[in-house]
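The following exercises concern the packing of helices, the division into domains and the surroundings of a ligand. Please work through each task before reading its solution.

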Amino acid sequence: MSEASEKQAEIAVEQEHVDRVYARLDELRSEAQAMRDKSYEYGREATPEALNERDVMLHHAIRTLQALNAESEGLVFGRLDTGNGDVVHIGRLGIRDQRFDNLLVDWRAPLAAAFYQATPEHPQDVIRRRVIRCSRETVVDVSDDLLDPDRASSDMRVIGDGALMAALTRSRGETMRNIVATIQKEQDEAIRAPESGVTEITGGPGTGKTAVALHRAAYLLYREQRKLGGPGVLVIGPSPVFMSYISRVLPSMGEHNVELRALGEVLDGISTARIDDPRTAEIKGSSRMVKVLRRALRLPPPEAPESLQLFYRGTVLKLEADELKRIRRTLHNKGGQPNKFRMKAADALLEALWQQAKSLAGGDFQPDRDQLITEIGERIEFHRFLVAWWPALYPMQVLRWLSDPERLARAARRLLAAEEVDLLAKSWASLGDSAGAEWTVADIALIDELRTMIGPPPKRPARPEPDAEQPRRAVNYDEYAHVVIDEAQDLSPMQWRMVGRRGRHASWTIVGDPVQSSWPDPAEAATAREQALSAQRTHRTFTLRTNYRNSAEIFEHACDAVRDLVDPDDLPTAVRTTGVEPDVREVAADDLAAAAREAALDLLERAEGTIGVITTMSRRDEVRAWLSDVDDSRLRVVGSLDSKGMEYDAVAVVDPDGLATESTTGRRALYVALSRATQFLTVLKPA
Ligand SMILES: Nc1ncnc2c1ncn2[C@@H]1O[C@H](COP(=O)(O)OP(=O)(O)OP(=O)(O)O)[C@@H](O)[C@H]1O
């Protein structure tokens, strides 16, 4: 039999099994639908037991339907032939036939582990591992690894040479795909690591860190359903574009109970993708800001009255500015959240008024403490004063007050230099009126810090504040059972504090590559990270060493950007050669626009999938304008920071030297930009 017909014969064998799986899937779907309908009927009886049973049934039916209805692509993707003659098919979920025998084993089940872990050196009783590629319900390809040739029977066919290479050569779409069929052994170890404590996954560009983190989330949800199902799993990444890029991976595996948020979206009620210039972001992210904010809270609100004066039984009682200042200081020195201190503030003012009244006593004026406190405490003028002098605070409003350079300078005394105060005040002064629209990603961590320092606003504010943050989830909405942080090397100290608050009782998966870091002070970030995770006892690290994204030719060029900065061990190895070298060109500065257009059009012509044009953050809009009339939805023009974590089939990097010098970590940003392409890379250097 020829090679092609052998392959067709094996495809036909697998098709038969895939048909059985889909037929069974239809049956299960009908059963789940029937269960859902029945659970509604139970609810009509309305006894507590019936309602409880209804909820359990409904929950189960809906979860089952969600899993069954997830994209059918890749439902069956693997097969193991074992030493005792068993055949195990592996899939996106587990399916049994009516006799309760396995038709398909969930990739996360222990029985499927050998699919990822068996090697020729340690075959784990696996003779042949087969990857099955389907297009919808049709088998289109099979590809085998023979792991234990000595035990293979003479009629066992072995087809193809490597599903991984085939997967890596395929062009990429708009969104990342799941890799369940081709997870590699070193990746599988990180995916299946125990849930508890901190699991850290490091490795260079394209080593599959993001893919691994997402598959780990799916694995943990399957294995620790009870623990993680309630408070859920939170995945945090650098930008909304990145979150959208990875958004299909978990649903494609039937997992929906995961919240994806970019760093600018961590806080409910506000969302932003705006990025500060590198210097401003550096100051806003520094842990010095904790003290600055704490001090800012101790300052009187901008409109606070400077004295309190009222008549009491014919005598003037007056608290002067110094006295008010002293009372404010004493209140703050007690610690705690100012929004919870309003009653205490009222008590302290009344006590000070009483002390004064006592000192003025004489003649007809013989005040009584209890009487004075009750009487003045109920007066509307006293309440008006209190509301102005110790108002309910809202984090965004407090931050906006710091657009006043004098106020900020007072809060930042001996913490920030004058130039730093100027930059911050200017950044907040430029905020428009529309709430939230123009905050930056770095501001979100400051707002969250303030939210924690200030405490929740009183239950019913007299006037609803436009800034009030309304939680979407009712109870402890910002706590999760498992938190995944992607591109963790870029989190600022303030962002570590913010994400730490999302998982005080959680387990963690932290994914990053120090070589790609754009945070200028890694030691400061490391300290903040240690504090954020201080409750965790277990810490395990996995390092991925193979770059699956770039061709070897492209990655070689990308590494030149950082070779003298890093330990060679921190650079992974690219496994795929294409014979296509990056196209690196010098162009006269005046010709750059035309060259960028030409490069983009050329790449659109040559590559099948997505094309990224990456430039400096400051030139992003200019380059977008150059390409505005190129009408092709496969083209993206992004700044260096927007390209973090992203992947394109072809990339044009415009102005690499500009990228390298745009910030103190510019060379690392250039390394990121140059390592985004799977197939083609063009680099345009203005001469
Ligand atoms: N085992 C695998 N099988 C098939 N494709 C894989 C495998 N591992 C990784 N990939 C692919 O390699 C590409 C890079 O993966 P991913 O984005 O997860 O890498 P990363 O380490 O997060 O990269 P970066 O640090 O540059 O953001 C993706 O297209 C991913 O699907």
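Four exercises with worked solutions follow, all based on a predicted model.

**Exercise 1.** Determine how helix H9 is oriented relative to helix H18, and which residues form their contact.

*Solution.* Step 1: Locate the helices; H9 covers residues 278–285 and H18 covers residues 441–454. Step 2: Consider the geometry; the two pack at an angle of about 15°, and their axes are 9 Å apart. Step 3: Classify the angle; H9 is therefore roughly parallel to H18, since angles under 35 degrees count as such. Step 4: Assign the handedness; H9 passes H18 in a left-handed crossing. Step 5: List the contact; Ala281, Lys284 and Gly285 of H9 meet Ala442, Asp443 and Leu446 of H18. These residues divide into three nonpolar, one polar and two charged.

**Exercise 2.** Describe the crossing of H18 with helix H19.

*Solution.* Step 1: H19 spans residues 493–500, and its axis and that of H18 come within 9 Å and cross at roughly 50°. Step 2: H18 and H19 are therefore oblique to each other. Step 3: The crossing in which H18 passes H19 is left-handed. Step 4: From H18, Ala445, Leu446, Asp448 and Glu449 meet Met494, Gln495, Arg497 and Met498 of H19. By class, this contact of H18 with H19 has four nonpolar, one polar and three charged residues.

**Exercise 3.** State the domain assignment, then describe the packing of helices H11 and H12.

*Solution.* Step 1: The assignment gives domain 1 (3–169), domain 2 (192–268 + 472–544), domain 3 (278–299 + 394–454), domain 4 (308–389) and domain 5 (549–686). Step 2: The C-alpha centres of domain 2 and domain 4 lie 49 Å apart. Step 3: H11 (residues 321–333) and H12 (residues 342–360) have axes that come within 10 Å and cross at roughly 140°. Step 4: H11 and H12 are therefore oblique to each other, and their crossing is right-handed. Step 5: Glu323, Ile327, Thr330 and Leu331 in H11 meet Lys344, Ala345, Ala348, Leu349 and Ala352 in H12. The contact of H11 with H12 has six nonpolar, one polar and two charged residues.

**Exercise 4.** Which residues come nearest to the ligand, and which elements give two or more residues to the shell around it?

*Solution.* Step 1: Of the 25 residues around the ligand, Thr182, Pro205, Gly208, Lys209 and Thr210 come nearest. Step 2: The elements giving two or more residues to the shell are helix H4 (163–169), helix H6 (209–223) and strand E15 (546–551). Step 3: By class, the shell has nine nonpolar, 11 polar and five charged residues.

Terms used. Residues are numbered from 1 along each chain as its sequence is written. This is a predicted model: local features need pLDDT of at least 70, side-chain atom pairs count only at pLDDT 80 or more; totals for chains, interfaces and linings use all residues. Axes are lines fitted to C-alpha atoms, for helices over the stretch in contact, and angles run from 0 to 180 degrees between N-to-C directions. Helices (H or I, at least four residues) and strands (E, at least two) are DSSP runs, numbered from the N terminus. Angles under 35 degrees count as roughly parallel, over 145 as roughly antiparallel, 65 to 115 as roughly perpendicular and the rest as oblique. A crossing is left-handed if the near helix is turned anticlockwise from the far one by less than a right angle, and right-handed if clockwise. Two residues are in contact if their C-beta atoms, placed from the backbone, lie within 7 Å. Ala, Val, Leu, Ile, Met, Phe, Trp, Tyr, Cys and Pro count as nonpolar, Asp, Glu, Lys and Arg as charged, and the others, Gly among them, as polar. Domain bounds come from an automatic or database domain assignment. A residue is near a molecule or strand if its C-beta atom, placed from the backbone, lies within 6 Å of it.
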